[in-house]
Amino acid sequence: MKRLIRRLRTVLSPRSLRSQLLSRSLFILAALLILIGGLQYVLMINFLYKNQAESMGSQILRFPREMIEQMELYPYHPAGAANPNDQGNATSPVNPGGADSGKGKRVPFLFLPDTSLAIIKEDGGFLNRPEQSGLPAPQLSSEQYGAIRDDLRKERPDQYRIIKDDNGNEQLVIFRPLSGPGGWNDIVQLGVLAAPLKSVALRQLFIFICLAILALLGGLMLYLPVLKRTLKPLDQMVKTVEEINAGNLDHRFPASLGQTEVDRLAASFNGMLERLECSFKSEREAKEQMRRFIADASHELRTPLTSIHGFLEVLLRGAAERPDQLYPALNSMLGESKRMKKLVEDLLMLAKLDRTPVVQRSDVLLDALISEMEPHLRILAGERAVSFQLEPQLHVMCDSDKIKQVVLNLFHNAVQHTDPASGTVHVTLSRQNKHAVIAVEDNGAGIAGEHLPHIFERFYRSDTSRARKHGGFGLGLSITQSIISAHGGEIRVKSRRGQGSTFEVSLPSL
């Protein structure tokens, strides 16, 4: 029983898009055909009724006036009936006023088969003449006849009415006035059976239903291959999605499949795949960067720890008793401990900037800040030629201590990569498009092009031996970039091998 209910539910509410489109399209088409068939039946029956009413109105106009008058005065004897006052003519009324006078002249009656005829007198009398037609005339109420008489006087006759007679048959009835100079103001009521007209309309409706069923069957046969071809782009998208996995995100849907909605869906999927690919790529890069970070940090920490461990072993073997070996060992351990302290401080600063990149800003005059650092920078440069070109009155909202560290890191980086005797370092401060630009230029060996995209990565060093010789960890430029990003600025580098390097820091100015 449950399986049967499940099957019925599947048939009545299919989950396949193809089945849903087919069933709903056929349902809408069937509903439209039913609506058209009903409307056609109503229009057809109304047309037939109206046409019959006009024909009956023309018949009333052809009635001889004498015939109507005699219908009111004398009984009618049907054809073949014996009439003692009629000498062999059974199709005309007899005027008993005298055979030689004009009043005794017989007037032939029109025999209307399946027709009812009645006269409604001005005083409300109802004269039903089924002898002339064979159908009883349906009778309305006095109020209804009064309303009909008013419409006839206003020359607004009803087209027709559908009324049931005493036998229960529906008749199409019309009313027409009979007026004359003597105040004669009666109404002729003429009716015919409505069943034959309805039969014609129903026959037409049956023909339309048969044609509609054939059209639905033909449409079903034609619609299935068209629907299959229409949904083919969706099938292709499903196959493409099935081929995509976390390690294969470079697949893309065709940009144009011939259908606007499907093209928009494909474009949305392509955008999602691009975002997923970038996300997975960033995750892989982050994992790789973290792996390198841990490996480099462990390596950098292991070097001073190994050195300190070696000196301690030397001291424990008896060097502590000899001052000539003791003090050099202590100085070496002090230098290695400073390196470890510097590395840990840099790592803590990077972690802090990554976690909460918020700085305490205040209005700082950059030219005054760099001028304040000038003596210390010249001492750091040693015998190298140092020059400063600072634009005055350049205000920036920043953290002065962090900006000092940026200048110091860039200057120290330039000093490390220039010759102690012939090296030059040039520091400039200028305003460019509402930004304060600090540039540190040197004439060192420069940076090869393949290293430029990576110089701001943590623990990245283009010259490992030289950096290690001068105690660098490859964290200075990473810290500098993090500080500038926290200020909403930007750092750029221009360098060519053998022609020196220029680092530019851009900060929004006031």
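In this predicted model, the count of aromatic pairs comes to 3. One of them joins Tyr49 and Tyr160 in an edge-to-face arrangement. Their ring centres lie 5.6 Å apart, and the planes make an angle of 65°. The angle is over 60°, so the pair falls in the edge-to-face class. Tyr49 sits in helix H2, which spans residues 17-62. Tyr160 sits in the loop between helix H4 (142-153) and strand S3 (161-164). The two tyrosines are 111 residues apart, and the pair thus links distant parts of the chain. Both Tyr49 and Tyr160 are buried.

A further pair is formed by Phe126 and Tyr145. Here the centres are 6.3 Å apart and the planes meet at 35°, so the geometry is tilted. Phe126 belongs to strand S2 (residues 126-128) and Tyr145 to helix H4. The pair therefore ties together parts of the chain that are 19 residues apart in sequence. Tyr145 has a relative accessibility of 7% and so counts as buried, the cut-off being under 20%. Phe126 and Tyr145 join Phe175 in one aromatic cluster.

The chain as a whole contains 12 helices and 12 strands. Of its 510 residues, 34% count as buried. The accessible surface comes to about 31,400 Å². Carbon and sulfur atoms hold 57% of that surface. Among contacts with a separation of 6 or more, 64% are between residues 24 or more positions apart.

An open sheet is built from 5 strands. The strand order is S7-S9-S10-S12-S11, and the pairing is mixed. Strand S7 (385-390) and strand S11 (490-495) are the edge strands, each of them pairing on one side only. From one strand to the next, the twist averages 15°. Helix H9, residues 366-381, packs on this sheet. Helix H9 touches S7, strand S9 (424-432) and strand S10 (435-442). The direction of H9 makes about 180° with that of S7.

Several pairings within the sheet can be followed strand by strand. S9 and S10 run antiparallel and share 8 bridges. These two strands form a hairpin with 2 residues between them. Asn433, in the turn, has a positive phi of about 50°. S10 pairs in turn with S12, again in the antiparallel sense, over 7 bridges. In this register His435 stands opposite Pro508 of S12. S10 is mostly covered, with 6 of its 8 residues buried. S12 (residues 501-508) also pairs with the edge strand S11, in the antiparallel sense and over 6 bridges. There, Lys494 has Thr502 of S12 as its bridge partner.

Thr428 offers a local view of the sheet. Thr428 lies in strand S9, and its bridge partner in S10 is Ala439. Beyond residues up to four places away in sequence, Thr428 touches Gln389, Leu390, Val437, Ile438 and Ala439. Gln389 and Leu390 fall within the range of S7 (385-390), whereas Val437, Ile438 and Ala439 fall within that of S10 (435-442). The relative accessible area of Thr428 is 18%. This value is under the 20% cut-off, so Thr428 counts as buried.

Another antiparallel pairing involves strand S1 (residues 115-120) and strand S5, with 6 bridges between them. Ile119 has Val188 of S5 as its bridge partner. S5 spans residues 185-193, and 7 of its 9 residues are buried. Strand S5 is therefore largely enclosed by the rest of the structure.

The cysteines were examined last. A search of the whole structure finds 0 disulfides. Cys210 and Cys398 have contrasting surroundings. Cys210 is partly exposed, at a relative accessible area of 32%. Cys398 is buried, at 0%. The value for Cys210 lies between the cut-offs of 20% and 50%, so the residue is neither buried nor exposed.

Definitions and conventions
Residues numbered from 1 in each chain as written. Predicted model: local features only at pLDDT ≥ 70, side-chain atom pairs only at ≥ 80, totals over all residues. Heavy atoms only, no water. Pairing = 2+ DSSP bridges. Helix = DSSP H or I, 4+ residues; strand = E, 2+ residues; numbered from the N terminus. Axes fitted to C-alpha atoms, helices over the stretch in contact; angles between N-to-C directions. Contact = heavy atoms within 4.5 Å. Disulfide = S-S within 2.5 Å. Buried < 20%, exposed > 50% of the residue type's maximum accessible area, 1.4 Å probe, protein only. Areas by Shrake-Rupley, 256 points an atom, 1.4 Å probe, with all protein chains shown as cover. Phe/Tyr/Trp six-rings, centres within 6.5 Å; stacked < 30°, edge-to-face > 60°.
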